[in-house]
Amino acid sequence: MDSLTVNPIGAVHVSENGFQIELLPAYRKGLAGLAGFGHLTALWWFSGCDDPASRASLSEEHPYAKGPQNLGVFATRSPRRPNPLALSCAGIIGLDEGNGVIRLDYLDADDGSPVLDIKPYTPSLDRVEHPAVPVWCSHWPESVEASGDFDWEREISF
């Protein structure tokens with residue numbers, strides 16, 4: 001396999017009104033049935049890190065304050081990676097199927113970031129009840145809900 005073709009289905013928009021995903025008209029029919037889900041998983045492109053140097057990065061130097069000095073990129077959430085893909089879970093706070101707009105409680109993407117796919121969050125497939133993590137990050141919150149009050153600035157170095 002030499003290459004893959006991926007087409008954005010929409011974009012992230014961040015404003016004083018919050019976070020939302022706006023789908024391109026051709027993909028709006030895909031929102032049918034999303035109503036009722038409380039969360040989604042968005043696959044989006046770290047477009048700000050789509051350059052040769054970022055794509056060549058296979059390690060990060062001391063990315064976490066209490067973590068090892070060096071970590072392989074696949075052990076981090078760094079946007080600098082061979083394929084600048086991001087995966088984020090977000091709470092749905094509004095859905096306008098007709099206009100292709102999903103309002104979210106938060107999304108760790110920059111304004112204009114391309115969205116590649118959206119999937120409904122379902123605990124039976126997406127939740128791990130007792131995940132194993134390294135000791136250096138075992139004090140991190142156990143849920144997205146608890147993360148909002150956590151002091152991430154003291155944890156992340158990049």
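Reader: How many salt bridges does a search of the whole structure find?

Author: The search finds five salt bridges. The model is predicted, so local features need pLDDT of at least 70 and side-chain atom pairs count only at pLDDT 80 or more, while totals for chains, interfaces and linings use all residues. Residues are numbered from 1 along each chain as its sequence is written, and side-chain values use heavy atoms, with hydrogens and water left out.

Reader: What makes R80 and E60 a salt bridge?

Author: The term requires a side-chain nitrogen of Lys or Arg within 4 Å of a carboxyl oxygen of Asp or Glu. The N to O value for R80 and E60 is 3.2 Å, so the pair is called a salt bridge. R80 lies in the loop between strand 5 and strand 6 (85–96) and E60 in strand 4, so the pair ties together parts that are 20 residues apart in sequence. Strands here are DSSP runs (E, at least two residues) and helices likewise (H or I, at least four), numbered from the N terminus.

Reader: Why is E60 called buried and R80 partly exposed?

Author: Buried means under 20% relative accessible area, exposed over 50%, and partly exposed in between (1.4 Å probe, protein chains only). E60 has 8%, so E60 is buried. R80 has 35%, so R80 is partly exposed.

Reader: What makes K66 and E155 a salt bridge, and where do the two residues lie?

Author: K66 and E155 meet at 3.6 Å, N to O, so the pair satisfies the cut-off. K66 is in the loop between strand 4 and strand 5, and E155 is in the segment after helix 3 (144–147), 89 residues apart. At a relative accessible area of 5%, E155 counts as buried.

Reader: How do you know that E129 is exposed, and what is its salt-bridge partner?

Author: E129 has 56% relative accessibility, so E129 counts as exposed. The partner is R127, at 3.9 Å, N to O. R127, at 49%, is partly exposed.

Reader: What is notable about the phi of H62?

Author: The phi of H62 is positive, about 45°, although H62 is not a glycine. Most residues other than glycine have a negative phi. H62 is placed in the loop between strand 4 (59–61) and strand 5 (70–72). Its relative accessibility is 26%, so H62 counts as partly exposed.

Reader: Why is T41 called buried, and which residues does T41 touch?

Author: T41, found in strand 3 (residues 39–45), has 16% relative accessibility, so T41 counts as buried. Leaving aside residues up to four places away in sequence, T41 touches L87, S88, C89, D117, I118, K119 and Y121. Contact here means heavy atoms within 4.5 Å.
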